Amino acid sequence: MQNTPSELGLIARAVGLGKRYGTGQGAVVALDDVSIGLRRGEFTAIMGPSGSGKSTLMHLMAGLDTPTSGRVWLGDTDITELGDSALTVLRRRRIGFVFQAFNLVPTLDVRGNILLPFELDGRKPAVAEQAWIDELIDTLGLRARLGHRPHELSGGQQQRVAIARALATRPDLVFADEPTGNLDSRTGREVLGLLAAASSRSGQAIAMVTHDPIAASHADRILFLADGRIVRDQGRSSAEEISSFMLQMEAAA
Ligand SMILES: Nc1ncnc2c1ncn2[C@@H]1O[C@H](COP(=O)(O)OP(=O)(O)OP(=O)(O)O)[C@@H](O)[C@H]1O
């Protein structure tokens, strides 16, 4: 009998994942037969040229879109078999998102936005959770902004609130799309440090899409996509090694 994803130490697993948009001559194959496992406690960077399928892969693994072929497990649950409401609950409990499209709630202040995942789950943070939330607020420099609404914040501050919200419940899996894109380099480094700490200390799996070799050098593992396929899966690497591989990929394209 096959091992379950959790027996393999995997928080999420995709097998033979494919996504085609449209039909006939105009069809676009965004993802082509991708199989990967995201491990507990591992910080993974997903890299690749524009249009290579990075966002599609994240959306399919988070159950935000349905694959044309293949299967996705979150923990031991095959999410390709779940209905919408079960999927929504699973996503809310087990996944944190730092996506541009997952905007903050404009009518809630910073504190309300950070606590929203608890609110939606109908509970209050436990003492240990509150200590972690305080640490997130301080590390992300949001303490003086807790009573402010999103429109009173800069783009980078909004991004930091989204990061605090995604990590607050310590979900098993965090998907982050260019989480340092809007940030100055010091805050960017702190955010990467937080993501790395979330994986090493709390055993969360973090998957981050980035175009930035410096950001990717903070990850334990780097996946490179090209034309909807994984072309390289490597361990921790320096920014120089990552840049040089990106240049080779561009030259081969
Ligand atoms: N809704 C859609 N309808 C049609 N084609 C789509 C759709 N979404 C994505 N695609 C196509 O699928 C391919 C992969 O797109 P995807 O957004 O996953 O790439 P990406 O690697 O995240 O790119 P970027 O770095 O530019 O964000 C692209 O060719 C894109 O044009």
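## Two sheets, a ligand shell and a core

Let's start with a sheet: six strands make an open one in the order S6-S7-S8-S3-S9-S10, with mixed pairing. Its edge strands are S6 (95-98) and S10 (229-235), and each of these pairs on one side only. From one strand to the next, the twist averages 15°.

Before going on, a word about what you are looking at. This is a predicted model, in which local features need pLDDT of at least 70 and side-chain atom pairs count only at pLDDT 80 or more, while totals for chains, interfaces and linings use all residues. Residues are numbered from 1 along each chain as its sequence is written.

A few terms help here. Helices (H or I, at least four residues) and strands (E, at least two) are DSSP runs, numbered from the N terminus. Two strands pair if DSSP finds at least two bridges between them. In general, strands of a sheet pair through backbone hydrogen bonds, either parallel or antiparallel.

**The six-stranded sheet**

At one end of the sheet, S9 (residues 221-226) and S10 run antiparallel and are joined by six bridges. For a concrete example, Leu223 has Asp233 in S10 as its bridge partner. Helix H5 (residues 155-168) packs on the sheet and touches S6 and S7, and its direction makes about 175° with that of S6. Angles like this run from 0 to 180 degrees between N-to-C directions, with axes fitted as lines to C-alpha atoms, for helices over the stretch in contact.

**The four-stranded sheet**

There is also an open sheet of four strands in the order S2-S1-S4-S5, and its pairing is antiparallel. Here the edge strands are S2 and S5, each pairing on one side only. S1 (residues 10-21) and S4 (residues 69-74) pair over five bridges, and Ala12 has Leu74 in S4 as its bridge partner. Leu74 also stands opposite Thr77 in S5. S4 and S5 (residues 77-78) pair over two bridges, and these two strands form a hairpin with two residues between them.

**Around the ligand**

Which residues surround the ligand? They are Tyr21, Gly22, Val28, Ala30, Gly48, Ser50, Gly51, Ser52, Gly53, Lys54, Ser55 and Thr56. A residue gets into this shell if its C-beta atom, placed from the backbone, lies within 6 Å of the molecule. S2 and helix H1 (54-61) are the elements that give two or more residues to the shell, and H1 gives the most, with three. By class, the shell has three nonpolar, eight polar and one charged residues. For that count, Ala, Val, Leu, Ile, Met, Phe, Trp, Tyr, Cys and Pro are nonpolar, Asp, Glu, Lys and Arg are charged, and the others, Gly among them, are polar.

Is H1 mostly covered or mostly open? It is mostly covered, with seven of its eight residues buried. Buried means that 20 or more other C-beta atoms lie within 10 Å of a residue's own; exposed means 12 or fewer, and partly exposed is in between, with C-beta atoms placed from the backbone. Lys54 and Thr56 are among the buried residues of H1, and both also belong to the ligand shell.

**The nonpolar core**

A nonpolar core is a set of buried Ala, Val, Leu, Ile, Met, Phe, Trp, Tyr and Cys residues joined through C-beta atoms within 7 Å. The largest one has 64 residues, and Ala12, Ile46, Ala164, Leu167, Leu195, Ile206 and Met208 touch the most other members. H5 supplies the largest share of this core, seven residues. Leaving out residues up to four places away in sequence, Ile206 touches Phe43, Thr44, Val174, Ala176, Leu195, Ala198 and Ser199. Contact here means C-beta atoms, placed from the backbone, within 7 Å. In soluble globular proteins, nonpolar side chains tend to be buried together.

**Positive phi angles**

Some residues have a positive phi, and here they are with their values.

| Residue | Phi |
|---|---|
| Asp33 | near 55° |
| Gly63 | about 70° |
| Gly75 | about 60° |
| Glu178 | about 50° |

Asp33 and Glu178 are not glycines. Asp33 sits in strand S2 (residues 28-39) and is partly exposed, because 14 other C-beta atoms lie within 10 Å. Glu178 is in the loop between S7 (173-177) and helix H6 (185-202), and with 19 such atoms within 10 Å, it is partly exposed too. Phe99, in the loop between S6 and helix H3 (110-120), is 79 residues from Glu178 in sequence but 7.9 Å from it in space, C-alpha to C-alpha.

Notes
Two residues are in contact if their C-beta atoms, placed from the backbone, lie within 7 Å.
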